[in-house]
Amino acid sequence: MSILGEILIAALLVSGGVFGLVGAWGLVRLPDMMTRLHGPTKAATLGVGSVLIASMLHFWLHHGVLSWHELLITIFVLITSPITGLFIAKAHMHLSWQQGELPRPPSGVEWCTYGRGAENSPIVTVDGPEKPCE
Amino acid sequence: MIRRILPHPLLSLFVALIWMLLVNRFAWGSLLFALALGVIIPIVTASYWPDRARIRNPLAIAGYVVIVLHDIIKANIDVAKIVLFKPSRDLQPAWLVVPLEITTPEAIAVLMGTITLTPGTVSCDLAEDGSALLVHALHCPDPESTIDEMKTRYEARLKEIFL
Amino acid sequence: MSILNLALLFAFGCFSLAQLLCLYRVMRATGFSDRVLALDTMAINMIALLTLFGIQRGAQVYFEASMLFAMVGFISTVAFAKFILRGDIIE
């Protein structure tokens, strides 16, 4: 294994650790709930991502096996972290924000969280009984 | 006929690929099983997913991924600076309303994911008719230019990718 | 001690400290969503810690564990938020 690869892995590990720590520090330090939501997205994306890529490189260079699990976990975390962020934001808005405190959408309808529910939403079209699977 | 066996060709391919990555080493038996799963799972879940994501330009996806990764790294460094060095009283959090031109659910979902993944902005809600996004920004002294950047940088490219 | 071991040690320290900070936020949360956000972050940091263990031991079994952690963390967070929003998890 070359010294260059080792330095690259070490750099990825160090930067991952720093970003994970800064994300958690943001979670503790920032003043209110909506701003705190920004900390973990950082920890999730770059912190965990670079640690996983470092692990993948390490197993490739050290042990000679190309391990795809890390790539799979990285993609999984990258896909799921916006979804958890969105859900936590919506739950928080539902619990502690009044409708009047938020800017209104330009077209005159409501935001989904305060709306009439998915069944009555203008973009969801429910026509008759559910179609059977083709 | 082909639609009945393969309701979602892209999903089938994706399921097979994920299974091969989970197995972690190549074997013909695993490939056969992966293809079988790729056929069966979309048929079983077809009723939950009546629409298909129609992609116009598959090559543009690679360019989009590169741009998003670059932005994630850049924005991460910016937000780390804000978290570490900016005192709370100087922070200017803002709600942004981003009007949307894209209409397909898949494109809107990808845009929301991109906005949340780039640190500093979290997409919080969608208008009931899908015409606007509610985005919360950590530190945003100039909301107009931030909205404009999101629209030109991500939405214009998504409009080219999705039909 | 090689440069890789030093970097591993540093990353272990960072993520352990991050876990403690999240734990503090779980204890001193201002609301439900705050606490769940901190718990979700702990699950994500746990993935990183397990991966670091995997590098240190040179064993690949830890990845199965971290993948399970990723999935369980995601599903539990979504289930909680769904419960708050709709009063029901499976409708």
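## A tour starting in chain C

Select residues 61-85 of chain C. The span is 100% helix and 0% strand, and its end C-alpha atoms lie 37 Å apart. Keep in mind that the model is predicted.

Now add residues 36-55 of chain C. This stretch is 100% helix and 0% strand as well. Its end C-alpha atoms are 29 Å apart.

What does the UniProt record say about these spans? Its unreviewed entry annotates residues 6-24, 36-55 and 61-85 of chain C as "transmembrane region".

**The helix pair in chain C**

Widen the selection to helix α2 (residues 32-57) and helix α3 (residues 61-86) of chain C. They pack at an angle of about 170°. Their axes are 8 Å apart. Angles over 145 degrees count as roughly antiparallel, so α2(C) is roughly antiparallel to α3(C).

Show the side chains at this contact. From α2(C), pick C:Phe32, C:Val36, C:Asp40, C:Ala43, C:Ile44, C:Met46, C:Ile47, C:Leu50, C:Thr51, C:Phe53 and C:Gly54. From α3(C), pick C:Tyr62, C:Phe63, C:Ala65, C:Ser66, C:Phe69, C:Ala70, C:Gly73, C:Thr77, C:Phe80 and C:Ile84. Colour them by class. You get 15 nonpolar, five polar and one charged residue.

**All of chain C**

Select the whole of chain C. It has three helices and zero strands. Along the sequence the pattern reads α-α-α. Its radius of gyration is 16 Å, well over the 12 Å that the globule rule gives for 91 residues, so chain C is more spread out than a compact globule. Orient the C-alpha trace on its principal axes. It spans about 55 × 30 × 10 Å.

Colour by burial next. Of the 91 residues of chain C, 41% count as buried. Then draw the contacts within the chain. Among those between residues at least 6 apart in sequence, 40% join residues at least 24 apart.

**Chain A against chain C**

Bring in chain A. Which two chains share the most contacts? Of the two pairs of chains that touch, chains A and C have the most. Here 46 residues of chain A are in contact with 44 residues of chain C. On the chain A side, the elements giving two or more residues are α1 (3-29), α2 (33-36), α3 (38-62) and α4 (69-96). That side has 27 nonpolar, 15 polar and four charged residues.

**Chain A against chain B**

Hide chain C and show chain B. The contact between chains A and B takes 43 residues from chain A and 40 residues from chain B. On the chain A side, α1, α2, α3 and α4 each supply at least two residues. Select α4(A) for the largest share, which is ten residues. By class, the side of chain A that touches chain B has 25 nonpolar, 13 polar and five charged residues.

Show chain C again. How far apart are the closest C-alpha atoms of chains B and C? They lie 9 Å apart, and no contact joins these two chains.

**Last stop: B:Val44**

Zoom to B:Val44, in helix α3 (residues 28-44) of chain B. Buried or exposed? B:Val44 has 11 other C-beta atoms within 10 Å, so it is exposed, given that 12 or fewer is the cut-off. Finish by drawing a distance from B:Val44 to B:Val110. The two residues are 66 apart in sequence. In space they are 25 Å apart, C-alpha to C-alpha.

Terms used. Residues numbered from 1 in each chain as written. Chains lettered and ligands numbered in written order. Predicted model: local features only at pLDDT ≥ 70, side-chain atom pairs only at ≥ 80, totals over all residues. Contact = placed C-beta atoms within 7 Å. Axes fitted to C-alpha atoms, helices over the stretch in contact; angles between N-to-C directions. Helix = DSSP H or I, 4+ residues; strand = E, 2+ residues; numbered from the N terminus. Parallel < 35°, antiparallel > 145°, perpendicular 65-115°, else oblique. Nonpolar A, V, L, I, M, F, W, Y, C, P; charged D, E, K, R; others polar. UniProt positions renumbered as here; feature names shortened; annotations may be inferred. Rg over C-alpha atoms; globule rule 2.2 N^0.38 Å. Buried ≥ 20, exposed ≤ 12 C-beta atoms within 10 Å, placed from the backbone.
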